[in-house]
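I opened this model to look up its fold, its charged and aromatic pairs, and its surface. My notes follow in the order in which I went through them.

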Amino acid sequence: MADNKRHGEDAGDDRLDDEVVDDVADDDATGADEPVSRGGTATRSRARAESADSRPATRSETGRVGVFGRIARFFREVVAELRKVIWPTRKELLTYTAVVVTFVAVMLTIVGVLDYGFAKVVLFVFGNSD
């Protein structure tokens with residue numbers, strides 16, 4: 001069920017349906033032709049874009065930014081990107097971990113068996129020097 005929510009199929013979540021309906025009503029009132037995404041982020045981003053256009057250009061937008069300014073901007077952008085991440089639930093995390101550990105164990109067994117087999121073949125072909 002958690003995978004369905006990631007793909008936009010959130011039929012069981014009434015809260016998200018209400019938000020989408022509210023956003024559609026807001027867009028119809030303004031007459032905008034922009035599509036509304038899940039959670040109403042289009043409305044918020046449009047409001048930010050309109051407010052950004054009305055303010056005057058700052059030094060960071062027009063000129064060069066210093067080293068510390070670039071470092072600060074980098075960390076702000078990292079935090080902003082981490083907020084967008086859909087973190088797995090505990091159950092999903094345990095499932096993913098089990099899959100990875102099982103895959104590594106199977107691959108380790110295959111490589112170990114092949115290594116042992118090739119070593120025996122090489123010793124048979126070239127002889128045992130003992």
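Before reading the order of elements I noted what counts as one: helices (H or I, at least four residues) and strands (E, at least two) are DSSP runs, numbered from the N terminus. I also kept in mind that this is a predicted model.

**Entry 1: overall fold.** Reading from the N terminus on, I found that the elements of the protein chain run α-α-α-α-α-α, which agrees with a count of 6 helices and 0 strands. I then looked up burial, and of the 130 residues of the protein chain 8% count as buried. The accessible surface of the chain comes to about 11400 Å², and carbon and sulfur atoms hold 63% of that area. For contacts with a separation of 6 or more, I noted that residues 24 or more positions apart account for 29%.

**Entry 2: the span in the record.** I checked the UniProt entry, which is unreviewed, and it lists residues 93-114 under "transmembrane region". In the model this span is 100% helix and 0% strand, and its end C-alpha atoms lie 32 Å apart.

**Entry 3: salt bridges.** How many salt bridges does the structure hold? I found 2, and I went through each of them in turn. In one, the side chains of Arg-73 and Glu-77 meet with an N to O distance of 3.9 Å, which falls inside the limit because a salt bridge is taken as nitrogen within 4 Å of a carboxyl oxygen. Arg-73 and Glu-77 are 4 residues apart in helix α5, so about one helical turn separates them. I looked up their exposure as well: Arg-73 is partly exposed at 39% relative accessibility, and Glu-77 is partly exposed with a relative accessible area of 47%.

In the other, Lys-84 pairs with Glu-81, and their closest N and O atoms are 3.1 Å apart. Lys-84 and Glu-81 both lie in helix α5, 3 residues apart, which I noted as about one turn of the helix. Is Lys-84 buried or exposed? Lys-84 counts as exposed at 59% relative accessibility, whereas Glu-81 is partly exposed with a relative accessible area of 46%.

**Entry 4: aromatic rings.** My search for aromatic pairs returned a count of 1. Phe-74 and Phe-75 form this pair, which is edge-to-face, with 5.4 Å from centre to centre and 70° between the planes. The pair is called edge-to-face because planes over 60 degrees apart fall in that class. I added that Phe-74 is partly exposed, with a relative accessible area of 48%.

**Entry 5: nonpolar patch.** Which residues make the nonpolar surface patch? I listed Val-67, Phe-68, Ile-71, Phe-74, Phe-75, Val-78, Leu-82, Val-85 and Trp-87, and together they make a patch of about 940 Å². I followed up Val-78, which is found in helix α5, residues 67-84. Val-78 is partly exposed with a relative accessible area of 32%, so it passes the requirement that patch residues have over 30%.

Technical notes
Residues are numbered from 1 along each chain as its sequence is written. This is a predicted model: local features need pLDDT of at least 70, side-chain atom pairs count only at pLDDT 80 or more; totals for chains, interfaces and linings use all residues. Side-chain values use heavy atoms; hydrogens and water are left out. Patches are made of residues with over 30% relative accessible area and no salt bridge: like charges are joined within 9 Å, nonpolar side chains (Val, Leu, Ile, Met, Phe, Trp, Tyr) within 5 Å. Accessible areas come from the Shrake-Rupley method with a 1.4 Å probe; for residues, only the protein chains shown count as cover. Buried means under 20% relative accessible area, exposed over 50%, partly exposed in between (1.4 Å probe, protein chains only). Rings of Phe, Tyr and Trp (its six-membered ring) pair if their centres lie within 6.5 Å; planes under 30 degrees apart count as stacked, over 60 as edge-to-face and the rest as tilted. UniProt positions are given in the numbering used here, feature names are shortened, and annotations may be inferred rather than shown by experiment. Contact means heavy atoms within 4.5 Å.
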